Amino acid sequence: NFGTVETIPEAFDREYLSPVQIGTPPQTVNLNFDTGSADLWVNTNETPENQQNGQVEYNPTLSSTAKKMEGATWDITYGDGSASSGIVYTDVVSIGGVTVQSQAVESAQQVSSSFQADAASSGLLGLAYGTINTVQPVQQKTFFENAMNDLASPLFTVNLMKQAAGSYDFGYINASEYTGEIQYTPVDNSRGFWGFNPSGFQVGNSSFNASSWYAIADTGTSLLLLPSGMVDIYWSAVSGAKFDALQGGYTFPCNTTLPSFTFGVEEYRGVIPGHFMNYAAITKTTCFGGIQSSDALGFSIFGDVALKAQFVVFDGGDNTLGWANK
Ligand SMILES: O=C(Cc1ccccc1)Nn1cnc2ccccc21
């Protein structure tokens, strides 16, 4: 079978939320689909009231198909330092008409401050490889891994949009969502991520700089995080741009016209329009850049700033990533 679900951007396109049905009768919660992690966790009746800000909860006691996974716990910390932990149930989970009968649903008994403040998000749905799922003592599979063998094709596609509704499609490729040809490239999943090797980059209409490095396709990260050498070249083309240690990255005058950023995947060229690199206004006149350094992380992250300019196929059958402009 196959299915499609809409994904809606929050402010600044900092995250995208999609409706997920859990339990019997179905309880709908909006989750942040995250190709950079592999835990499906959600605010529940067990999440302390003082760690919530009106989030919609999943309540397993109201689901006739919920089963507690005895002795199972989970505990995750993300790269930005945010964290959550708790216990585990299995229940029926449906997304856009694709149903998994027994999906590990991780109940949050502790969530850190950034999750507490995010009133619109009831949790995360991991779409990375299950090898980095944090459930103990028995590691659990992601929704996609559990659904994959029943899908018409063993893949999902990501079509994020700038400040508009996009979609996650499961089991099929919708040709109306992209232009040109899809460029497939092998995935390095050795760290549990959808890792790949970009082949270079280009700022605006200048020449293409061939270079091969490791990056991950991560819908859970807002920005495009690249080696500082590339980031410095990009911002050196923007008059008034500067590295502002207080803000923790490059800022620039909001009224500047920004050059596009093109990345290579083998012979393919993915184009990110210049205005996608204006992440958010810090003051009336100073804006924060959407391209920032990944040097502190040790690897590059193609987050939402890049992904919302592309149509991306995450193929779990042959472990490839497919890229297309749109
Ligand atoms: O954590 C990261 C990437 C990151 C950001 C900043 C510094 C180092 C690494 N992304 N991410 C992926 N899924 C997430 C879920 C919540 C928060 C961040 C999440």
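Before starting I noted that a polar contact is a pair of N or O atoms within 3.5 Å, and I kept in mind that this is a predicted model.

**Entry 1: the ligand's polar contacts**

I looked first at the backbone of D80, where a polar atom is 3.2 Å from an oxygen atom of the ligand, a distance that falls within the 3.5 Å cut-off. I then turned to the side chains, and found that a polar atom in the side chain of D34 lies 2.6 Å from a nitrogen atom of the ligand. In the side chain of T221, an N or O atom is 2.7 Å from a nitrogen atom of the ligand. Having these contacts written down, I looked up how much of the ligand is covered: taken alone it exposes 440 Å², and the protein buries 80% of that.

**Entry 2: the shell and the pocket**

Which residues are around the ligand? I listed D34, Y78, G79, D80, S82 and F115, and, further along the chain numbering, L124, D218, G220, T221, L297 and I301. When I sorted this shell by class, I had five nonpolar, four polar and three charged residues. I also checked the space that the ligand takes, and it is the largest pocket.

**Entry 3: a sheet of four strands**

I moved on to an open sheet, whose four strands come in the order β14-β13-β19-β20 and pair in an antiparallel way. Why is one side of β14 and of β20 left without a neighbour in the sheet? I traced both strands, β14 at residues 209-210 and β20 at 268-272, and saw that they stand at the edges, so each has a single partner strand and one side remains without a neighbour. For β14 I followed the pairing in detail: strand β13, residues 200-203, is joined to β14 by two bridges, and the two strands run antiparallel. I noted that G200 has A210 in β14 as its bridge partner.

**Entry 4: backbone details in the loops**

I searched the backbone next, and found a cis peptide bond between T24 and P25, with omega about -10°; P25 belongs to the loop between β2 (16-22) and β3 (27-34). Another cis peptide bond runs from Q136 to P137, where omega is near -5°, and I located P137 in the loop between β8 (123-126) and α2 (143-147). My last check was on D13, a residue other than glycine, which has a positive phi near 60°, and I placed D13 in the loop between β1 (3-9) and β2.

Conventions. Residues numbered from 1 in each chain as written. Predicted model: local features only at pLDDT ≥ 70, side-chain atom pairs only at ≥ 80, totals over all residues. Heavy atoms only, no water. Near = heavy atom within 4 Å. Polar contact = N/O pair within 3.5 Å; in protein donor to acceptor, adjacent residues only side chain to side chain. Areas by Shrake-Rupley, 256 points an atom, 1.4 Å probe, with all protein chains shown as cover. 1 Å grid on protein atoms, 1.4 Å probe; cavity = no way out; pocket = protein on both sides within 12 Å on 5 of 7 lines; lining within 4 Å. Sits in = over half its atoms within 2 Å of the grid points. Nonpolar A, V, L, I, M, F, W, Y, C, P; charged D, E, K, R; others polar. Pairing = 2+ DSSP bridges.
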